[in-house]
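Walk through the charged and aromatic side-chain contacts of this model. Start with the rings, then turn to the charges.

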Amino acid sequence: MCLFYLLLIDFQQRQFKRFLPSILLLSVAFSIGYDIIQYKHFLKFGYQKPLLLYILGVMVLTLLVIFRNKLKVIFVLCELYSIFHYAVSIYYFPLVIARSDMLAAVAASINQFLHNVSPYYQSSVNIGIPPYLPVTMLSFIPASLLKLDFRLVGLFYWILAIGLITYKQHTFSTIQKMALCLLIVNPYFLMRHDLYFQCFLLEIVILCLYFSSFNFIIKGIFLGFFIATLQFAWILYPFILLAENKSIKNLVIMLLVSLIVGISISLLYVHNGISDFFHAIFLHKEYFSPYSSDITFGLSTIFYFANSQILLYIVQIAICVLILLTAIYSHMIKRIHTHNYYTSLSAICYLIFMSTNYFIETYLLIPMLLFLILSLNHSDTIN
């Protein structure tokens, strides 16, 4: 039976590898199409005709055909395409609030912080309140101080993430490499040159690929920054604590260190606007309101015509709490100290949370997918 299972996996992997170049060709072709569409759609906002993006896309299409049987080359090619596509998009497409106010909201928050004003106070009717945690905002401080395009900082973090992924690529399985290729040339990912969570993506890369090599205190400090970056880190946080600590004593120490660091960073940033901060980070909690989010690949779309999403909310919380309680029971009572066990549970919980989330934009699936792919790379040891 085990032999049959291994043969089945091998067959599926070979079939996936066989069709990967074709899928990537379609992804790049769709990306070129998206570049044309957004240029024409946002022409009134000053978008320029992105000739270099078209040339870049055609070059990648050609190289994918030439090196279709060489996964290592395809892997690097996809990485380079994602970086250069982002960089060229910054050149051709200006930041426009009418398209997206995400980075404008971050910029306003930082400016208010630097002027000792509540960073979560809505100072402009045209710019929304950023529901992001302090580290996300602070990660863009260099751009604010140097008067740079905020997307350049995001590009810098993405290049770092790609570099760290490339350095560890020899440890990846074939499935991981193929999945990463599909993720980073995802047309929807490539067209979103206005995203804000590149720092969080970098943290996920470090967490999945380098975290095990940190010493005990550094792990606690890193987790403090992690939980002060985006709310999605809160889902993974308890599972990471269980995965990294065999003894209750070490778990409690790491818990305290990470909480002290995370809370200290948050208080430093929001010391003069605590009430504004709590309002902002729980901004998307209106489960009693009619569904108003984008149509995404999740269960929330089932409730599109419902007057309330409260049932979805209950299902979400119940399943996630059940998974967490299972993890705690396994660690405390059954004494299961297998790293991959808790990593797997964290990935499942993250997936369930995103699938049942009321407010979820499609691009928010990107960090989840990156974690699901890279978390397979964990070593199976607990200190």
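Two rings of Phe, Tyr or Trp count as a pair if their centres lie within 6.5 Å. Keep in mind that the model is predicted. With that cut-off, Phe113, Tyr120, Tyr269, Phe277 and Phe278 join through ring pairs into a cluster.

How many aromatic pairs are there by this rule? The count comes to 23. One of them joins Tyr341 and Tyr342. Their ring centres lie 5.0 Å apart, and the planes make an angle of 85°. Planes over 60 degrees apart count as edge-to-face, so this pair falls in that class. The two residues have their own exposure values. Tyr341 has a relative accessible area of 26%, so Tyr341 is partly exposed. Tyr342 is at 0% and is therefore buried.

A ring can also face a charge. Lys168 lies over the face of Tyr210. The distance from the ring centre of Tyr210 is 5.0 Å.

Now the salt bridges. The structure holds 4 of them. Take Asp194 and Arg99 as the starting point: the closest N and O atoms of this salt bridge are 3.5 Å apart. Where do the two partners sit along the chain? Asp194 is in the loop between α9 (187-191) and α10 (198-209). Arg99 is in the loop between α3 (71-92) and α4 (102-114). The two residues are 95 residues apart, and the pair links distant parts of the chain.

Asp194 also forms a salt bridge with Arg192, with closest N and O atoms 3.1 Å apart. Arg99, Arg192 and Asp194 are thus linked in a network of salt bridges.

Is this network made of buried or exposed residues? Residues under 20% relative accessible area count as buried. Asp194 is at 3%, so Asp194 is buried. Arg192, at 13%, counts as buried. Arg99 counts as buried too, at 18%.

Another salt bridge joins the side chains of Arg151 and Asp149, at 2.7 Å from N to O. Which partner is buried, and which is partly exposed? Arg151 has 2% relative accessibility, so Arg151 counts as buried. Asp149 has a relative accessible area of 25% and is therefore partly exposed.

To retrace the route on the model, begin at the cluster of Phe113, Tyr120, Tyr269, Phe277 and Phe278. Go on to Lys168 over the face of Tyr210. End at the salt-bridge network of Arg99, Arg192 and Asp194.

Technical notes: Residues numbered from 1 in each chain as written. Predicted model: local features only at pLDDT ≥ 70, side-chain atom pairs only at ≥ 80, totals over all residues. Heavy atoms only, no water. Phe/Tyr/Trp six-rings, centres within 6.5 Å; stacked < 30°, edge-to-face > 60°. Buried < 20%, exposed > 50% of the residue type's maximum accessible area, 1.4 Å probe, protein only. Lys NZ or Arg CZ within 6 Å of the ring centre and 35° of its normal. Helix = DSSP H or I, 4+ residues; strand = E, 2+ residues; numbered from the N terminus.
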